[in-house]
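Biologist: I would be grateful for a close look at a single helix of this protein and at its surroundings.

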Amino acid sequence: MKFTPQLYLRLAVAFCVVVGLYDVFVVASQFLGGNRFVKPQWVLYPDFLTPHSALRAWLEGKLSMVYTDIDKFTEYQNAVYADRFPYVVYFRPFLYPPLWLLLLLPLAWVAVDRAFAVFMAVTVGASAVEGRDRPWLWLATATSPAAVHVVLSGQGTFLNVALMYGGLRLLERAPVAAGILFGLLAYKPQICLLIPVALIAARQWRALFASAATVIVLVLASAAVFGVQSWIDFIEQTRATSGPRMLQYVLEVLPHYMVTPYINLLSLGVPKAVAGGVQLATAALAVAAVWWAFSRYPASIARSAVLIGGTFLVSPYMLNYDMLLLMPATLLLYEQGAKRGFLPLEPLVYAGLWLMPTLCMGLSRHHLPVASLAILAFGVAAVLQLRRETRIAS
């Protein structure tokens, strides 16, 4: 059988439909209490409960506790959600800057279940607006395995998708608007680490200044609402949680969800110094790749994919639900490869990455933490696709 572009695209549609229907079934089953095929999750949207309880603590005049005393804040969550948590939890820090509380502020006065429904509607809706020109792509992304973990955990990754892809789409024709969208991403700093590198390499000064101005405005606004002390406490907490206790928590509770070289290697028993060295090497590789891509090539899906893929190689703490950010680029690179011709094994790289947010959990339990390898393979595919593009004239 000859694999034509049309056949490749039909296979992709069939693959996404089958996987998507299963994913919808999993999410529906969880919210209905599970069934014999799907084991109920320990608690629904736990990662949304934490910021919502932080907002509740602020309303009660207890915001300082959120950043200065993790144990006390954890006890507070145990009391607030005693009817939800099936057992007492011992470490539930709020690791986001006050920017995130500012963006979620309208939900402070809304009951948690309704607040979660509004939160998901707004974030999913934002990604739908960004994907309105390619509804099939958005639908596939919204029903991907990564989306399952976003919804069940209560994360805001759909918002990350809207802001990142919206910024990249607007970068050439509306750099100020693009910079504002990039600036809004500052609520989750690890997603933003390579954006300044990309903007400087591309000489997108207006976007860079707009991004910086947006961050400054958000910091000042959050300081006005929550107090300057909230930022001082957050910075101190960031320093404190970068130590052994946070690492122990990650290795004991989250290793099956982590998709970075550092944690994947530590979970295999590799010495910390070696794992850290590998993480630094991949981070340096990502920085170099993004600089090369944005300084030498015009805007394209491959150039954007280099940035997004590199983002996962810089921060040592990225989880499977963050991988939703990779999914639109995965689909677009696949479509481009189907039309131009695939590199060897390239379709398998995309298929494996698509399933990895769920596969990584089972593979890690069998001592095969390969998520970071799948992301690295995606980055290599993006770089090789980009080399087919015409370079910017010197």
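Modeller: The account below begins with the whole chain, turns to one helix, and ends with two loop residues.

This is a predicted model, in which local features require pLDDT of at least 70 and side-chain atom pairs count only at pLDDT 80 or more, while totals for chains, interfaces and linings use all residues. Residues are numbered from 1 along each chain as its sequence is written, and side-chain values use heavy atoms, with hydrogens and water left out.

The protein has 21 helices and 0 strands; helices (H or I, at least four residues) and strands (E, at least two) are DSSP runs, numbered from the N terminus. Its radius of gyration is 21 Å, close to the 21 Å that the globule rule gives for 394 residues, so the protein is as compact as a globular protein of that length. That radius is taken over C-alpha atoms, and the rule is 2.2 Å times the number of residues to the power 0.38. Along its principal axes the C-alpha trace spans about 60 × 55 × 45 Å. Of the 394 residues, 54% are buried, where buried means under 20% relative accessible area, exposed over 50%, and partly exposed in between (1.4 Å probe, protein chains only). Among contacts with a separation of 6 or more, 74% join residues 24 or more positions apart; a contact means heavy atoms within 4.5 Å.

The helix chosen for the close look is α17, residues 272–296. Its 25 residues should span 36 Å at 1.5 Å a residue, and its end C-alpha atoms are 36 Å apart, which agrees. The expected span is 1.5 Å times one less than the number of residues. The buried residues of α17 are A275, Q279, T282, A283, A286, A289, V290, W292, A293 and F294. An α-helix has 3.6 residues a turn, so residues three or four places apart point the same way. The buried residues of α17 pack against α9 (157–170), α12 (195–201), α16 (261–267), α18 (301–314) and α21 (371–386).

One of these partners, α21, leads to a loop residue. H367 lies in the loop between α20 (346–365) and α21, and has a positive phi of about 60° although it is not a glycine. Most residues other than glycine have a negative phi. H367 counts as exposed because its relative accessibility is 59%. Y45, in the loop between α1 (5–31) and α2 (46–59), likewise is not a glycine and has a positive phi, of about 35°. Y45, however, counts as buried, because its relative accessibility is 4%.
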